[in-house]
Amino acid sequence: MVILKDLPGLPRFRCKIPIWPRTLNLDNASLQPVWSAAEQLNAAIFVHPWDMLGRERMPKYWLPWLVGMPAETSLAICSMIFGGVFERFPKLRVAFAHGGGAFPFTVGRVEHAFHVRPDLVATDNDTNPRKYLARGDENGDLTPARFYVDSLVHDADALKMLLKLFGAQRVAFGSDYPFPLGEAHPGELIESMQELSAKEKAQILSETTREFLGLS
Ligand SMILES: [Zn+2]
């Protein structure tokens with residue numbers, strides 16, 4: 001495994017952690033030194049799906065990209081939440097690709113499961129998964145989510161949901177450039193949304209990423 005402290009350019013270097021074999025999830029104890037080193041070095045970790053689960057059942061229709069990737073990303077987020085990674089490493093900065101995959105739309109189901117079957121769900125971390133998302137106080141001030149997602153969801157309503165769940169300070173501009181599931185004109189959806197203020201657009205298009213990478 002690459003030793004993070006030996007990588008050049010930290011904390012600006014984006015680290016790729018190959019997960020193998022495919023049964024290894026991000027709560028695995030063998031990854032604890034990686035999270036620890038990333039936290040100590042103030043490194044930013046970007047999690048992008050690959051080697052998607054269930055590929056043997058998805059030979060057609062580009063389904064590993066359309067179904068497997070969102071599921072894989074939700075698996076990564078749920079593994080880190082339920083494995084208590086964010087509890088053990090409170091300063092660890094992590095971002096998940098493609099708006100967090102299936103996680104944002106299923107967080108209600110995830111939270112419900114946490115309440116009704118803690119014997120299955122909360123075995124390693126008794127923190128409600130909802131607490132890792134943005135929350136407002138009585139003054140209307142928003143505390144952003146514990147982790148980042150990118151904005152690449154191709155749908156205005158989905159992006160609005162992301163902003164509500166995570167806060168603009170945790171939604172970073174995603175392009176997937178130069179791959180075909182990226183936007184033809186990166187940032188086009190964000191720019192087109194009249195309901196977003198100029199300040200919010202600037203936050204998503206630039207500031208959140210700069211904060212995530214430790215550049216601001
Ligand atoms: Zn991607």
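## Histidine 98 and the loop after β2

In this predicted model, histidine 98 sits in the loop that connects β2 (93–96) with α4 (103–116). Its phi is positive, at about 55 degrees, although the residue is not a glycine. Most residues other than glycine have a negative phi. Histidine 98 has 22 C-beta neighbours inside 10 Å and therefore counts as buried, the cut-off being 20 or more.

## Other backbone features in loops

Tryptophan 62 also has a positive phi without being a glycine, here of about 65 degrees. Tryptophan 62 belongs to the loop between β1 (44–47) and α2 (63–82). Is tryptophan 62 buried or exposed? Tryptophan 62 has 11 other C-beta atoms within 10 Å, and because the limit for an exposed residue is 12 or fewer, tryptophan 62 is classed as exposed.

A cis peptide bond links tyrosine 177 to proline 178, with omega near 5 degrees. Most peptide bonds are trans. Proline 178 is placed in the loop that runs between β6 (171–172) and α7 (188–192).

## The parallel sheet

An open sheet is formed by four strands in the order β1-β2-β5-β6, and the pairing is parallel. The strands β1 and β6 occupy the edges, each having a single partner strand, so that one side of each lacks a neighbour in the sheet. Strands of a sheet pair through backbone hydrogen bonds, in either a parallel or an antiparallel sense.

The parallel pair β1 and β2 is joined by four bridges. Within this pair, isoleucine 45 has valine 94 of β2 as its bridge partner, and valine 47 has phenylalanine 96 of β2. β2 also pairs with β5, again in the parallel sense, over two bridges. Here alanine 95 is partnered by tyrosine 148 of β5.

## Side chains of β2

In a regular strand the side chains alternate between the two faces of the sheet. In β2, Arg93 and Ala95 point one way, whereas Val94 and Phe96 point the other way. All of these residues are buried. Two of them, Val94 and Phe96, are bridge partners of β1 residues, namely isoleucine 45 and valine 47.

## Helix α6 and its surroundings

Which residues of helix α6 (residues 156–166) are buried? They are Leu159, Leu162, Leu163, Leu165 and Phe166. These buried residues pack against two helices, α4 and α7, and against the strands β5 (148–150) and β6. Both of these strands belong to the open parallel sheet.

Glycine 167 follows α6 and has a positive phi, near 85 degrees.

## The chain as a whole

The chain contains eight helices and six strands. Read from the N terminus, its elements run α-β-α-α-β-α-α-β-β-β-α-β-α-α.

Of the 216 residues in the chain, 31% are buried. Among contacts between residues at least 6 apart in sequence, 65% join residues at least 24 apart.

Technical notes. Residues numbered from 1 in each chain as written. Predicted model: local features only at pLDDT ≥ 70, side-chain atom pairs only at ≥ 80, totals over all residues. Contact = placed C-beta atoms within 7 Å. Pairing = 2+ DSSP bridges.
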